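Good morning, and thank you for the invitation to speak. I should like to take the group through one protein model, step by step.

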Amino acid sequence: MINHATDITPDEFRTIIAALQAAKLIILGDIEVDAKTCSECKSYFFTINKLLSTFEKQLLQE
C-alpha cells in the first residue's frame, strides 16, 4: 500500500476509507458507541491514523 501497488477495487478503497474515518470519529467522540467499541478503536489509534494518511494520499493522486 505504501508503494500504491494494490489490487483494491475503487469500491473497496472507498469502503476502507469510510471505515477508517468512522473509527477516527469514534475515537474523537463524534460518533457515540458503547465503551467497549470505543476502547477497541482507541487501541488502534496510531494504526488508524497511519492508514488514513496513506489512503488519503493515494486518493489525492487518483
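**A walk through the helices**

At 46% relative accessibility, K42 counts as partly exposed. The term applies because partly exposed covers whatever falls between buried, under 20%, and exposed, over 50%. K42 belongs to helix α2. Its C-alpha atom is separated by 8.5 Å from that of A23, although K42 and A23 are 19 residues apart along the chain.

Please keep in mind throughout that this is a predicted model.

Let me now turn to the overall plan. The protein chain has three helices and zero strands. Read along the sequence, the pattern is α-α-α. The chain has 62 residues, and buried residues make up 21% of them.

How are the helices arranged in pairs? In general, two packed helices are described by the angle between their axes and by the distance between those axes.

I begin with α1 and α2. These two helices pack at an angle of about 110 degrees, and their axes are 9 Å apart. That angle makes α1 roughly perpendicular to α2, because the label is given to angles of 65 to 115 degrees. The crossing of α1 and α2 is left-handed.

The next pair is α1 and α3, where α3 comprises residues 45-61. The axes of α1 and α3 come within 10 Å and cross at roughly 140 degrees. Are α1 and α3 parallel, or are they oblique to each other? They are oblique. The reason is that an angle must be over 145 degrees to count as roughly antiparallel, so a value of roughly 140 degrees does not reach that class. The crossing of α1 and α3 is also described as left-handed.

A single residue in α1 deserves a moment. I17 lies in helix α1, and its relative accessible area is 8%. I17 is therefore buried, since buried means under 20%. Along the chain, I17 and L52 are 35 residues apart, yet their C-alpha atoms are separated by 6.7 Å.

We come now to the charged side chains. How many salt bridges are there? The count comes to two.

One salt bridge joins D11 and R14, with the closest N and O atoms 2.3 Å apart. Both D11 and R14 lie in helix α1, three residues apart, which is about one turn of the helix.

Another salt bridge joins the side chains of E40 and K36, at 3.8 Å from N to O. This pair qualifies because the cut-off for a salt bridge is 4 Å. E40 and K36 both lie in helix α2, four residues apart, again about one turn of the helix. E40 is partly exposed, at 40% relative accessibility. K36, in contrast, is exposed, with a relative accessible area of 60%.

Finally, I ask you to look at the surface. Which residues make the nonpolar surface patch? They are L25, L28, I31 and V33, and the patch has an area of about 300 Å². One of these residues, I31, is placed in the loop between α1 (10-28) and α2 (35-42). The relative accessible area of I31 is 33%, so I31 counts as partly exposed.

To close, I return to the main picture: three helices and zero strands, with α1 roughly perpendicular to α2 and oblique to α3. Thank you for your attention.

Key: Residues numbered from 1 in each chain as written. Predicted model: local features only at pLDDT ≥ 70, side-chain atom pairs only at ≥ 80, totals over all residues. Heavy atoms only, no water. Patch = residues over 30% accessible without salt bridge, like charges linked within 9 Å, V, L, I, M, F, W, Y side chains within 5 Å. Areas by Shrake-Rupley, 256 points an atom, 1.4 Å probe, with all protein chains shown as cover. Buried < 20%, exposed > 50% of the residue type's maximum accessible area, 1.4 Å probe, protein only. Axes fitted to C-alpha atoms, helices over the stretch in contact; angles between N-to-C directions. Parallel < 35°, antiparallel > 145°, perpendicular 65-115°, else oblique. Left-handed = near helix turned anticlockwise from the far one by under 90°.
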